[in-house]
Amino acid sequence: MKHEFEVAMTCEGCSGAVTRILNKMGDVKFEIDLPKKLVWIESDKDVDVLMTALQKSGKEVKYNGTK
């Protein structure tokens with residue numbers, strides 16, 4: 001299942017932080033669209049788990065649903 005999140009990323013550093021966090025989770029495939037501030041995550045993990053992980057970046061995170 002592919003989940004779409006809006007993350008308040010403004011630069012490469014922001015998307016880099018998100019990338020590092022998601023890489024540490026293991027077993028997730030993801031795509032980041034920095035200009036649109038979107039992160040798509042393909043995972044069997046619970047949305048709350050993904051949301052909490054993304055919030056560790058210190059950015060504002062909004063869940064847009066599945067795509």
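**Helix 1, the sheet and their packing**

In this predicted model, helix 1 keeps Cys-14, Ser-15, Gly-16, Ala-17, Val-18, Ile-21 and Leu-22 buried. What do these residues sit against? The buried part of helix 1 packs on strand 1, strand 2 and strand 3, and on helix 2 as well. The helix itself covers residues 12–25 and lies across those three strands, running at about 175 degrees to strand 2. Its length checks out too: 14 residues at 1.5 Å each should span 20 Å, and the end C-alpha atoms are indeed 20 Å apart, so expectation and model agree. Right after helix 1 comes Gly-26, with a positive phi near 65 degrees.

Now for the sheet. Four strands make up an open, antiparallel sheet, ordered 2-3-1-4. Strand 2 (29–33) and strand 4 (61–66) sit at the edges, each pairing on one side only. From one strand to the next, the twist averages 20 degrees. Strand 1 (residues 2–7) and strand 4 run antiparallel and are joined by five bridges; in one bridge between these strands, His-3 is partnered with Thr-66 of strand 4. Helix 2 (residues 47–55) also packs on the sheet, where it touches strand 1, strand 3 and strand 4, and its direction makes about 30 degrees with that of strand 1.

As for annotation, an unreviewed UniProt entry lists residues 1–62 as "domain: HMA". In the model, that span is 37% helix and 29% strand, and its end C-alpha atoms lie 17 Å apart.

Definitions and conventions: Residues numbered from 1 in each chain as written. Predicted model: local features only at pLDDT ≥ 70, side-chain atom pairs only at ≥ 80, totals over all residues. Heavy atoms only, no water. UniProt positions renumbered as here; feature names shortened; annotations may be inferred. Helix = DSSP H or I, 4+ residues; strand = E, 2+ residues; numbered from the N terminus. Pairing = 2+ DSSP bridges. Axes fitted to C-alpha atoms, helices over the stretch in contact; angles between N-to-C directions. Contact = heavy atoms within 4.5 Å. Expected span 1.5 Å × (residues − 1). Buried < 20%, exposed > 50% of the residue type's maximum accessible area, 1.4 Å probe, protein only.
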